[in-house]
Amino acid sequence: MTHNSRRISCAAASLVFLATFVVTGCDRTPAETRHRFTAMGTLVEVTVFDHPAEAAMEAALEIETLFLDLEYRWDPWADGELGAMNAAISAGEDARPGPDLAGLIGRASELARRSDGMFDPTVGALVRLWGFDDADRIPERPPSPGEIRRVLDSQAPLPTLWDAVDGILRGHQGVTVDLGGFAKGIAVDRAVALLRERAIDNAIVNAGGDLRAIGRRGDRSWKIGVRAPREGGILAAVDISGDESVFTSGDYERFFDYRDRRFHHIIDPRTGYPTLGLVSVTVVHDDAATADAACTALMVAGPERWPAVAKALGIRHVMVVDADGRVHMARGTEARVTILDEGALPVAIRELQ
Ligand code: AMP
Ligand code: MG
């Protein structure tokens, strides 16, 4: 039986718990300024604490402009910068991206190398074949094995195409770069940089539940809720402090179920099929872009290999949920996580090796 499932646009993917309300603050320094907008297919919320409201709102509006600009520039399929580059390389022509996009491709190529190809933005053609390229449309059934094989055979890993010395991306018939696996993280990092430039030191930039928090809220550090991947609701609360990011990838964000199997938007570049084995991966890391790329990569790495790939990416704090609903954590992560789901099985601890 085929049944479509609506796209869960991840406002529910993880929730920020605010442990307490700020009780200090004077007339000219309001406790909290909040701005919400939709960008990159998700609800983005910028919350600034203990900063004059007018300046805080001005910064938040600039962040909205920043997100919308990046959304357009980095759309793999439209006529922005990335779309134009893709039109060239997929036709076999070399491309020389501008400095900003070149920086991103270089960083993605490095992440692809370190993750042993688990994170690789050259999955664009496969993402499109599976029908996950259009946020407004959810496919009903998988492509045929023959189609998957044909597209898979025309792919090439990003590190083999990117010439970092000359800043050239080699053309390769049928290859499309899709930065969706870490674009949101990059945007969140840039938003935080913008806040810092304006001397805003206490804030959260939350893009559909994936977020980076800086500073504090009053005298409390942050507690971040992580969604239970199947039941909804909150699986766990993660403590973060100072300046940290919490990102989650899961098979429940964009998916369809077909003949009792879940097919979703994270593709294993080795097989051409959506990943199997893990239903969600949560990563805590300093910068948002690495956290974002890492949780996508660890979904691909699966139940056996995620500790090794986390280590290779320099990630220390990881929580994964396997297909049986069991929670596994990297050693040390358990000290920062409270499991809130009372029915959950005991947590399995893994060494990162
Ligand atoms: P995320 O939700 O951060 O895990 O990113 C998923 C998005 O990244 C998908 O919608 C694709 O656009 C893209 N993607 C899918 N599979 C991969 C992969 N193996 N490596 C890099 N990006 C991917
Ligand atoms: Mg990601």
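## Strand β15 and its neighbours

V320 stands opposite H328 in β16. The model described here is predicted, and this facing pair belongs to an antiparallel arrangement in which β15 and strand β16 (residues 327–330) are joined over three bridges. The two strands form a hairpin with four residues between them, and in this hairpin G325 takes a positive phi near 85 degrees. Strand β15 also pairs with β14: six bridges join the two, and they run antiparallel. One point of contact is T282, whose bridge partner in β15 is M319.

Strand β15 covers residues 317–322, and six of its six residues are buried, so the strand is largely enclosed by the rest of the structure. The burial applies to both faces. On one side are H317, M319 and V321, and on the other are V318, V320 and D322. M319, the partner of T282, and V320, which stands opposite H328, therefore lie on opposite faces of the strand, both of them buried.

## The magnesium site

The magnesium ion (ligand 2) is coordinated at 2.0 to 2.4 Å by G181 (O), D292 (O), D292 (OD) and T296 (OG1). D292 thus appears with two atoms, O and OD. Along the chain, the donors follow the spacing G-x110-D-x3-T.

D292 and T296 both lie in helix α8 (residues 288–312). They are four residues apart, which is about one turn of the helix. Buried means under 20% relative accessible area. D292, at 6%, counts as buried because it falls below that limit, and T296 counts as buried at 14%.

## Aromatic pairs

A search of the whole structure finds seven aromatic pairs. One of them is formed by F119 and F182, which meet edge-to-face, with 5.4 Å from centre to centre and 65 degrees between the planes. This pair links distant parts of the chain, 63 residues apart. F119 is in the loop between α3 (99–114) and α4 (124–130), while F182 is in the loop between β6 (168–169) and α7 (183–197). Both rings belong to buried residues: F119 has a relative accessible area of 4%, and F182 has one of 0%.

W130 and Y273 form another edge-to-face pair, with centres 5.5 Å apart and 65 degrees between the planes. W130 lies in helix α4, whereas Y273 is in the loop between β13 (261–264) and β14 (278–285), so this pair ties together parts that are 143 residues apart in sequence. The two residues differ in exposure: W130 is buried at 1% relative accessibility, but Y273 is partly exposed, with a relative accessible area of 27%. Both are members of a cluster in which ring pairs link W130, F132, F256, F263 and Y273.

## Charges over rings

Two arginines are placed with their charged ends over aromatic rings. R128 sits over the ring of W77, and its charged end is 3.9 Å from the ring centre. For R262, the ring is that of F255, with the charged end 3.8 Å from the centre.

Technical notes:
Residues are numbered from 1 along each chain as its sequence is written. Chains are lettered from A and ligands numbered from 1 in the order in which they are written. This is a predicted model: local features need pLDDT of at least 70, side-chain atom pairs count only at pLDDT 80 or more; totals for chains, interfaces and linings use all residues. Side-chain values use heavy atoms; hydrogens and water are left out. Rings of Phe, Tyr and Trp (its six-membered ring) pair if their centres lie within 6.5 Å; planes under 30 degrees apart count as stacked, over 60 as edge-to-face and the rest as tilted. Buried means under 20% relative accessible area, exposed over 50%, partly exposed in between (1.4 Å probe, protein chains only). A charge sits over a ring if NZ of Lys or CZ of Arg is within 6 Å of the ring centre and within 35 degrees of the ring normal. Donors are N, O and S atoms within 2.8 Å of the metal (3.2 Å for Na, K and Ca); water is not among the atoms, so sites may look incomplete. Two strands pair if DSSP finds at least two bridges between them.
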